[in-house]
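Please look at the model shown here and consider how its aromatic rings are arranged, and what can be said about the space enclosed inside it.

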Amino acid sequence: MKFFFFTDPTLGDWILDALESRKNPPIGIVVCEEMSTYCQRICHYADRFNIPVFYAGQDMRSDAFVRWCRMLNADVFVAFGFGRKIPPEILALPTFGVLNVHPSLLPSYRGAAPCFWAIRNGETESGATIHLMDDTFDTGDILLQKSEPIYPNDTAGTLQQRLMVKGAELLIDVLENVPMWLRNRRRQDQRDIYEAPRVNSQHLEIKWCQSAVAIECLIRAANPHPIAHTTFEGLRIGIVEADALEKNHCFLPGEFQLDGDALIVGTGKGILKARVIQINPLISGTPSRVLWHFTRGVFDAGQARQFL
């Protein structure tokens, strides 16, 4: 089965590991950004197997790109972590269509940030799906999917890593007999749709009137990036790691106090124990260290303060 591989250089390693284990290299690779440190392994892999690499640039509808895709005469195209929409003229080229690896149990969490939203919403299960691509994101027929538990300490980063590994394994299974999987594909159930839109700054704002459990979910969902945040004395403070403690307290929502190396914050229900905070990527660590640095050593650990 000759296939063509579309990927983001930051995510391609998982599928390359799986492909190398099965000795089934693609006949072409498309990446969506120019040469970077993330591209090095993909380019090394491509050189080893004499695979052409194309940088899609801004226009995948260009005559040159369409001709190149057609010239390779692949049976199927595969998208894995490819964050750009593939145009209809490319989708129509391969005999068996274009397959996508999506890190959720479609139709749940269609969109750009399924791991963030699954953890943010307190889900206990996610998964990986292989589906046919059509002219809208993540809506095509499902060929194969498999569930994966979301553990209480999972972050978006740890969950995504497991789902990418699982997705790569499922993709290898599908590539061994694409016609059979296509015959047994099923349409997505339109009753179970949840969207997973791209995350913006408003999604990352901590609302201290919410419960400590909900805030902890947001913090884990935004780890390792882009980091959930709050405001203190006009400065954005990122909270990287925290635990929800469901117990009685006398703090108002957003009111905080240092407790050893941790930061205890009142919420709408329970308290949040922040273990790692940051002002920027260069000033990150325990709350006592970060706040000492911010106030030049005059922060009063015994005084209650207020986040916005």
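The report below turns to the aromatic pairs and then to the largest cavity.

This is a predicted model, and a search of the whole structure finds 12 aromatic pairs. A pair of aromatic rings is described by the distance of the centres and the angle of the planes. Two of the pairs are set out in the table.

| Pair | Arrangement | Centre to centre | Angle between planes |
|---|---|---|---|
| Phe54 and Phe65 | tilted | 4.8 Å | 45 degrees |
| Phe116 and Trp117 | edge-to-face | 4.9 Å | 85 degrees |

In the tilted pair, Phe54 belongs to strand β3 (residues 53–55), while Phe65 belongs to helix α3 (residues 63–72), so the contact between the two rings ties together parts that are 11 residues apart in sequence. Phe65 has a relative accessibility of 0% and therefore counts as buried. In the edge-to-face pair, Phe116 is buried with a relative accessible area of 5%, and Trp117, at 14% relative accessibility, also counts as buried because the cut-off for that class is under 20%.

Phe54 and Phe65 also take part in a cluster, in which ring pairs link them with Phe4, Phe6, Trp68, Phe77 and Phe82.

Which residues line the largest cavity? Its lining is made up of Lys85, Ile86, Met133, Asp134, Thr136 and Phe137, and by class these comprise 3 nonpolar, 1 polar and 2 charged residues. The volume of the largest cavity is about 30 Å³, and the structure holds 1 cavity of 30 Å³ or more.

Conventions: Residues numbered from 1 in each chain as written. Predicted model: local features only at pLDDT ≥ 70, side-chain atom pairs only at ≥ 80, totals over all residues. Heavy atoms only, no water. Phe/Tyr/Trp six-rings, centres within 6.5 Å; stacked < 30°, edge-to-face > 60°. Helix = DSSP H or I, 4+ residues; strand = E, 2+ residues; numbered from the N terminus. Buried < 20%, exposed > 50% of the residue type's maximum accessible area, 1.4 Å probe, protein only. 1 Å grid on protein atoms, 1.4 Å probe; cavity = no way out; pocket = protein on both sides within 12 Å on 5 of 7 lines; lining within 4 Å. Points joined across faces, edges and corners; volume = space filled by probe spheres on them. Nonpolar A, V, L, I, M, F, W, Y, C, P; charged D, E, K, R; others polar.
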